[in-house]
Structures are given as structure tokens and as C-alpha cells.
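Open the model in your viewer and keep the selection tool ready. We will go stop by stop.

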Amino acid sequence: MLLGSHVGMSGKEMMLGSVKEAISYGANTFMLYTGAPQNTKRKPVEELRIPEARALMEEQGIERFVVHAPYIINLANAVKPETFEIAVETLASELVRTEKMGSDTLILHPGSHVGEGVDVGIAKIIEGLNEVLAVPGTVNIALETMAGKGSEIGRSFEELARIYDGVKYPERLRVCFDTCHTHDAGYDLVHKYDEVMESFDHIIGKEQIAVFHVNDSKNPCGAGKDRHENFGFGYIGFDALMQVIRDDAFADVPRILETPYVPSATKEKVSYAPYKEEIAMIRSGVFDEGLKERLANDSVR
């Protein structure tokens, strides 16, 4: 089972610190951003301490990791040409950085049409992807399934399929299947997991899933709000999420946790990463009802 979480990358250690953080959680894969997810400011790739990080990965038997593109990229924006151009330039740069770091998967939010409509938004996404993917490379772009808030594109499998159909280089597209987003978009993973996956297979193809984000949701199915909850503590629940974990059809696909930090029970503005405990719980296969309460207990941190 390839199981890990989002990890940070900052300070002097950069990617080396990311690998150390993943190891501290008991993970055998991980996801990172090549810089702050909210902007395009990036350190030169030569300063990311990639050789040391890769050496530690090899020592620990970690072979694969994935990269997430910054949120600021919006290929679907047809209102502001400068926003679209920045998105294309940034995405092209992230592909190069991802390849140099040694990953073959860059996760991308497809974008928001900002009021121009789905058809216009999808056309702009296709335009941007065609420009970026015209440059040969080894990294695939994994379009993330979205929750459907605002004018997001990717709230349905059909919308993602339309992007595949329009791109000149579909062989370099993949999908990041986010359980919280898919649930919030209206797909019933709790009661109809098999049907949801059969639908995805028919519309896009199961083999296109390159990574799972295994997040629970704070909202009922179809809420369209995108609010992650800790594994097993939300509306999807432990048993339904474990279907994704245990599905042999995706044995070699990384499962990445993006679950929220747990606030301290007594210290204001202090919260704790849940990933070590969540990974252990998932590997045990037994739901731990007291996990969040213990994580919030400052006396045991």
C-alpha cells in the first residue's frame, strides 16, 4: 500500500525536510508543492536539496511521490488574458521542476470559469494544456476531481472527459481522484462505491487514476463545499474510505492524506498534524474513535 500525506517544503532543508517529515509519519509516499501553493514565487530548483532528498528516499525504500501545482493557476479564466498567461507560464515551469525533482505526476486543479460558463472554461483549459504539453517531458498532469464550489470545472467525470477529448496530448493526462471533492460533488461513495467507480471507468478509464486524495468530508453528499475532515470522522466515514484504500484495482496508486490539522484542546492557534496516527489507523484497518481527542491533548504531544 502506497500511503502518505501532504508534507511541507521550506527552510534550509527544503525537499530533504519533506522526505524526513514523510518518514516521521510512517509514510512510504508523499505529496509536496514546489513552493507556496498560494503564489508563484519559487526558489531555484538547484536550492531544493534534491540529491540529498533522493538519497534518503532510496535509503528508506520510498520510490514514488507526487507534486501539486499551486492553486493560483487558473487555465479556465477567459476574462483576464494576463491571468491565463501567468497560468500557462507557471504550469510549464512546474512541469520542469517536477521532472527535476524526480516525480512523474503533477496534480492540477482544472480551473474556474469565473462566470463565463463551463464550455468557455473547458475550451481555455484545453488551449492552455495544449500549449504546455507541446513541450516534450516525462511528467503527466493529473486533473483533480473537484467539489463544484463556485465556478469550478471538474465537478463531474464528464467535464474531465471533455478536457481529455480536446487535448492534443491526452497520453500525458491523468486524474487525481479526491474522495472529499467527489463526495461533495454528489457521487455517493458511501452506498454506491462500485457504481461510482464503474461510471468513472466507463467515462474516463480506471487506469487514468494516478493518485487518490483520501479525505473525509465535513459536508453531506452533494453539498459542493469542499471542506476536508479527518479520515473516518466525516460524512464519508471510515468504512467507505477504506474501500478506496483496499481496492486492488489501484494497488500501485499512491493514497495521499490532506486531512486537517487537529486544534489543541487548550492552546490557542496551536494545531497538530494527524498523519502519523491516521496512517497507523488505516494500516490497522480499525477505526479509532478517540484519535482526534488524543491528538488535541497537549500533555501527550
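**Stop 1: helices 4 and 5.** Select helix 4 (residues 118–133) and helix 5; their axes come within 9 Å and cross at roughly 45 degrees. Axes here are lines fitted to C-alpha atoms, for helices over the stretch in contact, and angles run from 0 to 180 degrees between N-to-C directions. Helices (H or I, at least four residues) and strands (E, at least two) are DSSP runs, numbered from the N terminus. Helix 4 and helix 5 are therefore oblique to each other. Angles under 35 degrees count as roughly parallel, over 145 as roughly antiparallel, 65 to 115 as roughly perpendicular, and the rest as oblique. The crossing of helix 4 and helix 5 is right-handed. Right-handed means the near helix is turned clockwise from the far one by less than a right angle; anticlockwise would be left-handed.

Now show the side chains. Helix 4 brings Val118, Asp119, Ile122, Ile125, Ile126, Leu129 and Asn130 to the contact, and helix 5 brings Glu159, Arg162, Ile163 and Gly166. Contact means heavy atoms within 4.5 Å. These residues divide into 6 nonpolar, 2 polar and 3 charged. Ala, Val, Leu, Ile, Met, Phe, Trp, Tyr, Cys and Pro count as nonpolar, Asp, Glu, Lys and Arg as charged, and the others, Gly among them, as polar.

A word on the source: this is a predicted model, where local features need pLDDT of at least 70, side-chain atom pairs count only at pLDDT 80 or more, and totals for chains, interfaces and linings use all residues. Residues are numbered from 1 along each chain as its sequence is written, and side-chain values use heavy atoms, with hydrogens and water left out.

**Stop 2: helices 5 and 7.** Keep helix 5 (residues 157–166) and add helix 7 (residues 193–203); the axes come within 10 Å and cross at roughly 20 degrees. That makes helix 5 roughly parallel to helix 7. Their crossing is right-handed. Look for Phe157, Glu158 and Ala161 on helix 5, which meet Val196, Ser199, Phe200 and Ile203 on helix 7. This contact has 5 nonpolar, 1 polar and 1 charged residues.

**Stop 3: helices 1 and 2.** Select helix 1 (residues 15–24) and helix 2 (residues 50–60). Their axes come within 7 Å and cross at roughly 25 degrees. The two are therefore roughly parallel to each other.

**Stop 4: Asn215.** Find Asn215 in the loop between strand 7 (209–213) and strand 8 (216–217). Is Asn215 buried or exposed? Asn215 is buried, with a relative accessible area of 0%. Buried means under 20% relative accessible area, exposed over 50%, partly exposed in between (1.4 Å probe, protein chains only). A polar contact of 3.3 Å joins the side chains of Asn215 and Asp178. A polar contact is a pair of N or O atoms within 3.5 Å; within protein, one must be able to donate a hydrogen and the other to accept it, and residues adjacent in sequence count only if both atoms are side-chain atoms.

**Stop 5: Ile256.** Asn215 also touches Ile256, so select that next. Ile256 lies in strand 10 (residues 255–257). Ile256 is buried, at a relative accessible area of 0%. Its C-alpha atom is separated by 6.6 Å from that of Phe30, although the two are 226 residues apart along the chain.

**Stop 6: Thr259.** Finish at Thr259, in the loop between strand 10 and strand 11 (262–263). At 1% relative accessibility, Thr259 counts as buried. The side chains of Thr259 and Glu278 are joined by a polar contact of 2.5 Å.

Definitions and conventions. Lists of a residue's contacts leave out its neighbours within four places in sequence.
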